[in-house]
Amino acid sequence: MVTLAEVAQHAGVSASTVSYVLSGKRSISASTRQRVEESIRKLGYHPNAGARALASSRSNIIALMIPLRTDMYVPVMMEIAIAVTTTARAHGYDVLLLTGEEGPDAVRRVTGSGLADAMILMDVELDDERLPLLRGGQHQPSVLIGLPADTSGLTCVDLDWGATGALCVEHLALLGHRDVAVIGEAPAVYERHTGFAERTLDGLRSRARELGLGLLHRPCEGGYDAMAVTLARILDERPGTTGFVVQNESAVEPLLALLRQQGRAVPEDVSVVAICPDQVAVQASVRLTSVGIPAQEMGRHAVARLVAKLDGRATDEVVLIAPELTVRASSGPVASGS
């Protein structure tokens with residue numbers, strides 16, 4: 001392996017000058033910096049990570065806390081994680097992935113051990129137990145991909161889930177639908193008061209009230225059997241339902257299959273709007289009108305704001321990404337006589 005001393009000899013400078021170029025701790029003339037950087041490239045020098053961490057008091061690692069639960073749609077979580085990882089590498093950081101459900105204990109372990117310079121938290125609950133340890137950057141910089149009930153002293157990046165719910169209701173209302181059923185996430189997601197699910201539901205309900213629509217929300221475990229029970233319950237309680245909003249990727253295809261079996265054509269008899277990744281929407285048996293989930297954008301935004309905080313260039317803020325609804329084949333005007 002090429003050593004720092006060999007780089008210094010090649011560039012005709014002292015070893016300390018090379019170290020200062022790498023760390024940025026002292027001002028080095030542009031010509032000297034250029035000569036050192038050219039020697040680094042030619043020799044293929046890579047600083048030792050441990051030595052660099054000791055010298056800079058940084059690990060150049062970002063911890064990503066992403067509890068992988070059976071009631072969550074893992075592909076979306078992984079897409080966000082990949083966006084975080086690739087963006088972090090572009091900024092010179094590696095990512096430490098924490099997938100357990102340890103809550104505050106994991107935060108304490110990371111902050112207390114110096115494993116990482118900063119952290120990104122996902123699967124944020126409205127009253128998340130991890131937040132007191134992060135609020136105001138008391139221990140180290142952090143960014144949430146998600147929105148708790150109280151965002152003071154925090155930096156958050158998320159889709160505007162409230163506006164997402166409202167957008168779905170507005171679309172169905174414009175098509176003449178008056179009774180709408182919401183097929184939600186698994187019950188455990190609401191029991192944890194997970195931010196994205198609660199905020200979507202708030203947006204759906206408030207906009208439905210404003211527009212005078214009937215709205216029924218039923219959580220669903222997903223899968224064919226659970227969807228069959230949920231759909232039967234909905235149609236028993238609200239037989240005049242003509243519009244469905246689905247926020248549960250594993251329930252999408254079972255719902256479409258069950259509607260076909262019952263002789264309810266989509267969109268001639270009922271309309272379906274999904275909140276899901278575009279890939280799920282376009283690969284469904286009926287191409288779904290949907291609000292996409294900007295997973296990559298959320299990941300990139302989170303890392304950009306975290307790096308800015310590490311560099312002292314940012315304060316706490318909330319960044320909400322506006323939802324976009326794409327009309328496809330699953331939504332249409334309410335049938336006459338409905």
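## The second largest pocket

In this predicted model, the second largest pocket has 17 lining residues, and the ones nearest its centre are Asp278, Gly292, Ile293, Pro294 and Ala295. The space inside comes to about 300 Å³. Sort the lining by class and you get nine nonpolar, three polar and five charged residues.

Which elements give two or more residues to this lining? They are H5 and H13. H13 gives the most, with four residues. Keep both helices in mind: H5 turns up again in the lining of the largest cavity, and H13 in the largest nonpolar core.

## Two cavities

Now for the enclosed spaces. Searching the whole structure turns up two cavities of 30 Å³ or more. The largest has a volume of about 310 Å³, and 23 residues line it, with Met72, Val76, Met77, Trp161 and Phe196 closest to its centre. Helix H5 (74-90) and helix H9 (195-211) each put at least two residues into that lining. H5 has the largest share, at three residues. By class, the lining breaks down into 14 nonpolar, four polar and five charged residues.

The second largest cavity holds about 30 Å³ of space. Its lining is made of Met65, Ile66, Pro67, Leu98, Thr99, Gly100, Glu102 and Ala106. Five of these count as nonpolar, two as polar and one as charged.

## Nonpolar cores

How many residues does the largest nonpolar core have? The count is 48, and the residues with the most contacts inside this core are Ile80, Ile120, Ile145, Leu204, Val245 and Met298. Helix H13 (residues 295-310) is the top contributor, giving seven residues.

Isoleucine 80 is a handy place to look around. Setting aside neighbours within four places in sequence, isoleucine 80 touches Met122, Ile145, Ala295, Met298 and Gly299. Two of those names, Ile145 and Met298, are also on the list of residues with the most contacts inside the core. Ala295 is familiar too, as one of the residues nearest the centre of the second largest pocket.

Apart from the largest core there is another one, with 26 residues that include Ala181, Ile183, Ile234 and Val280.

## The six-stranded sheet

Six strands make up an open sheet with mixed pairing, and their order is E7-E6-E8-E9-E10-E12. At the edges are strand E7 (214-219) and strand E12 (325-326), each pairing on one side only.

Zoom in on the E12 end. E12 pairs with strand E10 (residues 289-291) in the antiparallel sense, over two bridges. There you will find serine 290 standing opposite threonine 326 in E12.

## A buried threonine in H7

Threonine 164 sits in helix H7 (residues 161-174). Is this residue buried or exposed? Threonine 164 counts as buried because its relative accessibility is 0%, below the 20% cut-off.

Which residues does threonine 164 contact, leaving aside neighbours within four places in sequence? They are Leu159, Ile275, Val291 and Pro323.

## Backbone oddities

Most residues other than glycine have a negative phi, and most peptide bonds are trans. A few spots here go the other way, starting with the bond between valine 266 and proline 267, which is cis with omega at about 10°. Proline 267 is in the loop that runs between helix H11 (249-261) and strand E9 (271-275).

Then there are two residues with positive phi. Aspartate 123 is not a glycine, yet its phi is about 55°. This aspartate is placed in the loop between strand E3 (118-121) and strand E4 (142-145). Aspartate 123 is classed as buried because its relative accessibility is 7%, again under 20%.

Histidine 193, likewise not a glycine, also has a positive phi of about 55°. Where is it found? Histidine 193 is in the loop between helix H8 (187-191) and H9. With a relative accessible area of 41%, histidine 193 is partly exposed, whereas aspartate 123 is buried.

Technical notes
Residues are numbered from 1 along each chain as its sequence is written. This is a predicted model: local features need pLDDT of at least 70, side-chain atom pairs count only at pLDDT 80 or more; totals for chains, interfaces and linings use all residues. Side-chain values use heavy atoms; hydrogens and water are left out. On a 1 Å grid over the protein atoms alone, a cavity is a set of points where a 1.4 Å probe fits but cannot get out, and a pocket is an open set with protein on both sides within 12 Å along at least five of seven lines; lining residues have an atom within 4 Å of a point. Grid points are joined across faces, edges and corners, and a volume is the space filled by probe spheres set on the points. Ala, Val, Leu, Ile, Met, Phe, Trp, Tyr, Cys and Pro count as nonpolar, Asp, Glu, Lys and Arg as charged, and the others, Gly among them, as polar. A nonpolar core is a set of buried Ala, Val, Leu, Ile, Met, Phe, Trp, Tyr and Cys residues joined through side-chain atoms within 4.5 Å. Buried means under 20% relative accessible area, exposed over 50%, partly exposed in between (1.4 Å probe, protein chains only). Contact means heavy atoms within 4.5 Å. Two strands pair if DSSP finds at least two bridges between them.
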